[in-house]
Amino acid sequence: MKVYGIAIADRANDGRILAAAFDLTSFNYFQRSSIQEFMNFFIKTITERTQPGQRQRVEEQETYVGYVYTRTDSLTGVIITDSEYQQRAAFSILSKVLEEFSSRYGRSQWATLTPAMAEKGYPELKEHLVKFQDPHAADPLLRVQRDLDETKVVLHKTMESLLNRGEKLDDLVQRSDQLSSMSKSFYTSAKKTNSCCG
């Protein structure tokens, strides 16, 4: 699972990008500028086509997915991931990023804000890009689900070892039953032997 970029744009201002952070290290060095140009175009386009209050998932060539959320004030968040990234985590990230950004920059500042200015004033966007490479960091419910899955694996292993131990206990019980019948015969024969002598 991979996050390639997170961006914040203003839908009311032709989808203008206000802040963005990209991780293009998985691409060839000479292709990175073209890929970033394409991602900027993609961000602007889906920002313009997403109505206020709406969330969308847009697939590109079945390899890349853009998640977009436009708030009612036209502030839009876009996250570009691979196709394996979980939707729930992507929308959680967008809500968090948009909330942080709007608390830092008021609507009146959006018209003059550039991505370079936002990079200095909102460095957490790059930190989020790194942190949220793991979708479990973004969504507590996914974290709980992962913990449950791990617990389930441990429980299955424990059950298997208990069953193996149970089989061994069954063998012991069977042997004790055999011993007990052998003990009874020994007791009976010893009693007979002792009664004739005594």
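In this predicted model, E48 pairs with K44 in a salt bridge whose closest N and O atoms are 2.8 Å apart. Because E48 and K44 are four residues apart in helix 1, about one helical turn separates them. In total, the structure holds eight salt bridges.

**The loop between strand 1 and strand 2**

E48 also appears among the contacts of R11. R11 sits in the loop that runs between strand 1 (3-10) and strand 2. Leaving aside residues up to four places away in sequence, R11 touches T47, E48, T50, Q51, P52, T70, S74 and T76. One of these partners, T70, is 59 residues from R11 along the chain, yet the C-alpha atoms of R11 and T70 are separated by 7.6 Å.

A12 belongs to the loop between strand 1 and strand 2 as well. With residues up to four places away in sequence again left out, A12 touches S74 and R107. The C-alpha atoms of A12 and S74 are 5.7 Å apart, although their positions lie 62 residues apart in sequence terms. S74 is thus a partner of R11 and of A12.

**The largest pocket and the largest cavity**

Helix 1, which holds E48 and K44, is also the element that gives the most to the lining of the largest pocket, with four residues. Helix 1 (32-48) and strand 4 (64-70) each supply at least two residues of that lining. The pocket holds about 160 Å³ of space, and its lining is made up of F27, I35, F38, M39, F42, E60, Q61, Y64, V65, G66 and I80. Eight of these lining residues are nonpolar, two are polar and one is charged.

The structure also holds one cavity of 30 Å³ or more. The largest cavity has a volume of about 60 Å³, and the residues lining it are A19, A20, A21, P115, A118, E119, Y122, P123, L125 and K126. Strand 2 (16-22), helix 4 (115-121) and helix 5 are the elements that give two or more residues to this lining. By class, the lining of the largest cavity has eight nonpolar residues, no polar ones and two charged ones.

The table sets out the two spaces.

| Space | Volume | Lining residues by class |
|---|---|---|
| Largest pocket | about 160 Å³ | eight nonpolar, two polar, one charged |
| Largest cavity | about 60 Å³ | eight nonpolar, no polar, two charged |

**Helix 2 against helix 5**

Helix 5, which contributes to the lining of the largest cavity, also meets helix 2. The axes of helix 2 (residues 87-104) and helix 5 (residues 124-131) come within 11 Å and cross at roughly 170°. With that crossing angle, helix 2 is roughly antiparallel to helix 5. On the helix 2 side the contact involves K96, V97, E100 and R104, and on the helix 5 side E124, L125 and H128. The residues of this contact divide into two nonpolar, one polar and four charged. L125 takes part in the contact with helix 2 and is also one of the residues lining the largest cavity.

Notes:
Residues are numbered from 1 along each chain as its sequence is written. This is a predicted model: local features need pLDDT of at least 70, side-chain atom pairs count only at pLDDT 80 or more; totals for chains, interfaces and linings use all residues. Side-chain values use heavy atoms; hydrogens and water are left out. Axes are lines fitted to C-alpha atoms, for helices over the stretch in contact, and angles run from 0 to 180 degrees between N-to-C directions. Angles under 35 degrees count as roughly parallel, over 145 as roughly antiparallel, 65 to 115 as roughly perpendicular and the rest as oblique. Contact means heavy atoms within 4.5 Å. Ala, Val, Leu, Ile, Met, Phe, Trp, Tyr, Cys and Pro count as nonpolar, Asp, Glu, Lys and Arg as charged, and the others, Gly among them, as polar. On a 1 Å grid over the protein atoms alone, a cavity is a set of points where a 1.4 Å probe fits but cannot get out, and a pocket is an open set with protein on both sides within 12 Å along at least five of seven lines; lining residues have an atom within 4 Å of a point. Grid points are joined across faces, edges and corners, and a volume is the space filled by probe spheres set on the points. A salt bridge is a side-chain nitrogen of Lys or Arg within 4 Å of a carboxyl oxygen of Asp or Glu.
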